[in-house]
Each structure stands twice: as C-alpha cells, then as structure tokens.
Amino acid sequence: MRECFELRDADAGGRIGELTVPRADATVETPALLPVINPNLDTISPRRLAEEFGAEILITNSYIIYGTEDVRERALEEGLHDLLDFPGAIMTDSGSFQLAEYGEIDVTTEEILDFQRRIGSDIATPVDIPTPPDVPRERAADELATTQDRLEVAEGVDTGEMLVTAPVQGSTYPDLREDAGRHAAETDLDVFPVGAVVPLMNDYRYDDMIDAVAGAKRGLGADAPVHLFGAGHPMMFALAVAMGCDLFDSAAYALYARDDRYLTVRGTRHLEDLEYLPCSCPVCTAHSPDELRALPDREREEELAAHNLHVTFEEIRRIKQAIRAGNLLELVEQRARAHPTMLDGYRALLDHADQLERSDPVSKGAFFYTSHESARRPEVVRHHRRLERLAVPDALFLTEGRTDGGDAYDNAWRVQPPFGPFPRALSKSYPLTAEVPDRTDRGALAAAADGVARLVEDNPETEFALGHRGWPADVLARVPDRVELIELSGGAE
C-alpha cells in the first residue's frame, strides 16, 4: 500500500479512500473533485469553493503562473495558498495541456517541478506527453517512452514533502496503458493521472475511456490513487469511479456557465431551453429560469457556475454513499440510461467484470437486477467462478422451481437467474438474495445457463438434469448436451 493512500470502503472497482497530502497538512477523502482554478480568471473564488461547496482540494496550472510575470512573482513571494486564498490541498498541472494544444512549451520537467515546489504546490506534475486517441501505435509507444523517461527524471528532483504525479499515457492502446501503469507503479511517485482522455470524453467515447482506464488499472494495481485528467461532467463520474478512478478535475462548471449551460447528472441543458429548474440547490430555489436569464452577464455566469458546482459535488457525495451502501453499480446503471454512449461505457465496464470482481466485496446489502446488463456484473462472475468449490453428489437435479422429475437424483439444487445453480443452504447468502423481476429476461436466463454449464464442466462424473420454465432454445443450447432437460409444469416450488 502506498503510504499516502489508504482504502476504507470498496464496491466494484470504486473505493472510498484517504489521500494524505503532507505538505498541505491535509487528508483528502476520495472520490474527490478538484475544481480547476485559472490563476488569471476567478469565476468562483477558491475560498468560496472551500467554505460553501466543501472543496478539500483544487487544481491550477503552474505553467500559466510560470509564464505570467506578475502572477509568477506574487506566487513566489506569497506562496500558492495565500495567492489563491485556499485552505485545502492544491495540485498543479505542468503545462502538458499546453504542449498538447500548441505543440511545444519552454520548460523542462526539472524546471517546472522545482517551480511548483517553490510556489508551494502540494501535488506537482511533471511534463509528460499527452498522446491523443487513435494515433499510430508507433507514435503512441515512442511518446510513452518519453513520458516514462521524464518520470524517472522526476524521481530525481528534490521535491521535499510535495507529492508528485506519474501520468499514465498510451493513447487508445489498452496494453500500452497497462505497461505505462506498471512502469509508473514501480516509481516512487505518488498519484497516477490517466491522461489524454479529454478528447474521448468530448466525443462521448466512454467505452474507449473505460478501456483506457482498465488498462492503466491493471498495471497500477489496487493501492494507487488514480486521477482521471479532465473528467469534469457529473454524468460520467459514477462510471469512472466504478472502474477505479479516485480524483477528478473539473473546469466544466465554469466553462459551461460561460456559455449559459446548465449541468445535470443526465446531461447538459442550455439555459434558454429551460422553463423550470429541475434542481433544489440554493441557486435554483432562489431563481426562476427567466430571472437567471435576466441577470447581467457576469452575475449570470457566477450563478450558473455555482449551480454547476452544487450538482457536481452532490454527485460525488451520492457516489460515496452508493459505495458505502454497496449499490454503486445500480447508480452507474441509472446514469447509463441518460445517453446511449453512457450505456456503451457501462457495457465496456462490464467487459472488465473479471477485473472488478477482485476488488468487489463478497457480501453487501441487496443485489437489484434492473436490466440484462445486470447479468454481467462482478457478483455473477464470482458465483460462477466459485461453483468449483462446491461438493456435488453423483446425481444432481438443478431446478428453477418445482422438483417434479427429480426423484431419481441424489439431491436438488436451485437455479436462479442470473446466477445459476446453488445448494439450497446458500439461498440466504449474498448475492443469491437478489431482487429479480418475475418477468426474467433472456440475459438473466443465459447467465444462469452459463452457470449450469460451468458446474457441469467442473464435475464430469456427475449426472445432471435441469428443470426449467420454458427457457428459449438458444438459452438451452448453452447447457451441455449430457444434461437431461425437463420442462417444468409451472407454479412455485
């Protein structure tokens, strides 16, 4: 376990943790939002971020400070905390964003890390190469090698108590992301941003974003605090947390407000299109849409930014509660229904159910089956994997309900979609206490059939029969041929 990061709760890949930031004499609870502060433009003051919105940490750009003479001199003289008037932890970016946007910057990793230390940053960032999506693999590999060289340089810089990040690059090549994560984890650096994913999010490519994070996580391991660079929209926070991200920086609250855009957890609305404000934050309870539209530009921008922050911080708190309650994936599924590309992202997340299962708690509250995607959750994967542990008699009747036709067998086990077979003694154990609709869908039946197949394959000497209630032919085709199939007459057990 990295000394600066301690895990307290987990659900799927999501976790509540504590990031100790020694230079700030602060401990930040994760998942955490880092509002982005432009040192030259203050939409919401850092002091207000802390006192009104509960921000424990923020991020600003050291390269902008470095390149703006009057701000640089003030930062060196007063220190970053006094300059911004912020009592919590402050993270600084290095100029890599400007490098990606403009092609070059006039500072080295050694110089910018030393500058970040001198202005009093608590978490600093080296100059990595943020390789955009979809570039040729050779370019992605070459630029990743440069980033890795710079991380090794960063290890040699005297940074005192200041934490230093190790960005994980690799474009849209999950194996490169995994290699990058492994290399970063082997350094003595502290926080691990997954970089260059903003273009993916701007294009609503949440499935590719999830694949990139999953690759990075495989390399980093469980003890690394992961920062998703540029992930500012609350709609996708639950998805990213479920894949294992801990920190998010957001400029969206201010950028969207500047364009009269109103954030919700289901997407973004233009203020001009709203007849009602579907929110109970202080801004929305104090104004009607007409009153907001009538405000002077600067005041309207500030009010919208405040609303956007309230929605964003509320979602972070909602996610933490979902982790604590063990129903994070139910929240992710709700968010996935807000946009087709979010559903793509959720399905990509479930493609990594094996990976999520390793950190998912064995026991929680209740499992709610709410769509066919629920059949692919880590709990189902774990149940199938653990079937091999069970002692099986010589002849076993697996039944979805009634025991008709099972008299010739030594024992009868229940079959419950989506999990499949289990001994009746386990029926009160999580997740077999799941709440499942009476109208079972094909996804749940197929997962149950896969569980039957897994049990049969693990026990080649056992004679099996399966009692089912009219399973479709394509579902029954997933059951091994040597299993006797008995269609039940219906009714409860």
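Is Tyr-204 buried, partly exposed or exposed? In this predicted model, Tyr-204 is partly exposed, because its relative accessible area is 42%, a value that falls between the 20% and 50% cut-offs. Its aromatic partner, Tyr-206, has a relative accessible area of 4% and is therefore buried. The two rings meet edge-to-face, with 6.2 Å from centre to centre and 85° between the planes.

This pair is a good way into the aromatic side chains, for a search of the whole structure finds six aromatic pairs. Another of them joins Tyr-66 and Phe-115, whose ring centres are 5.1 Å apart; with the planes at 80°, this pair is edge-to-face as well. Tyr-66 belongs to helix H2 (residues 62–67) and Phe-115 to helix H6 (residues 109–118), so the pair ties together parts that are 49 residues apart in sequence. The partners have their own surroundings: Tyr-66 counts as partly exposed at 24% relative accessibility, whereas Phe-115 is buried at 1%.

Aromatic rings also meet charged groups here. The charged end of Arg-261 is placed over the ring of Tyr-256, 4.0 Å from the ring centre. In a second case, the charged end of Arg-377 sits over the ring of Phe-367, at 4.1 Å from its centre.

Attention now turns to the annotated positions. According to UniProt, in an unreviewed entry, the feature "binding site" falls at Asp-128 and Ala-196. The two are spread over 69 residues of sequence, yet they cluster in space, with a largest C-alpha distance of 10.3 Å. Both are found in loops: Asp-128 in the one between strand S7 (123–124) and helix H7 (137–155), and Ala-196 in the one between strand S9 (192–194) and helix H9 (198–202). Asp-128 is buried, since its relative accessible area is 3%, and Ala-196 counts as buried at 17%. Beyond its neighbours within four places in sequence, Ala-196 is in contact with Pro-130, Thr-131, Pro-133, Gln-169 and Arg-177.

Which helix offers an example of an element enclosed by the rest of the structure? Helix H16 (residues 328–336) does: eight of its nine residues are buried, so the helix is largely enclosed. Its buried residues include Leu-328, Leu-329, Leu-331 and Val-332, and also Glu-330, Glu-333 and Arg-335. The buried residues of H16 pack against two strands, S1 (5–11) and S2 (14–21), and against helices H11 (237–242), H15 (297–325), H17 (340–351) and H19 (378–386).

Finally, there is an open sheet of five strands with mixed pairing, in the order S16-S15-S14-S17-S18. Strands S16 (420–422) and S18 (484–487) stand at the edges; each has a single partner strand, so one side of each is left without a neighbour in the sheet. From one strand to the next, the twist averages 30°. Strand S17 (residues 463–468) runs parallel to S18, and four bridges join the two. In this part of the sheet, Leu-466 has Leu-485 of S18 as its bridge partner. Helix H20 (residues 442–458) packs on the sheet, where it touches strands S14 (395–399), S15 (411–416), S16 and S17. The direction of H20 makes about 50° with that of S16.

Notes: Residues are numbered from 1 along each chain as its sequence is written. This is a predicted model: local features need pLDDT of at least 70, side-chain atom pairs count only at pLDDT 80 or more; totals for chains, interfaces and linings use all residues. Side-chain values use heavy atoms; hydrogens and water are left out. UniProt positions are given in the numbering used here, feature names are shortened, and annotations may be inferred rather than shown by experiment. Buried means under 20% relative accessible area, exposed over 50%, partly exposed in between (1.4 Å probe, protein chains only). Contact means heavy atoms within 4.5 Å. Rings of Phe, Tyr and Trp (its six-membered ring) pair if their centres lie within 6.5 Å; planes under 30 degrees apart count as stacked, over 60 as edge-to-face and the rest as tilted. A charge sits over a ring if NZ of Lys or CZ of Arg is within 6 Å of the ring centre and within 35 degrees of the ring normal. Two strands pair if DSSP finds at least two bridges between them. Axes are lines fitted to C-alpha atoms, for helices over the stretch in contact, and angles run from 0 to 180 degrees between N-to-C directions.
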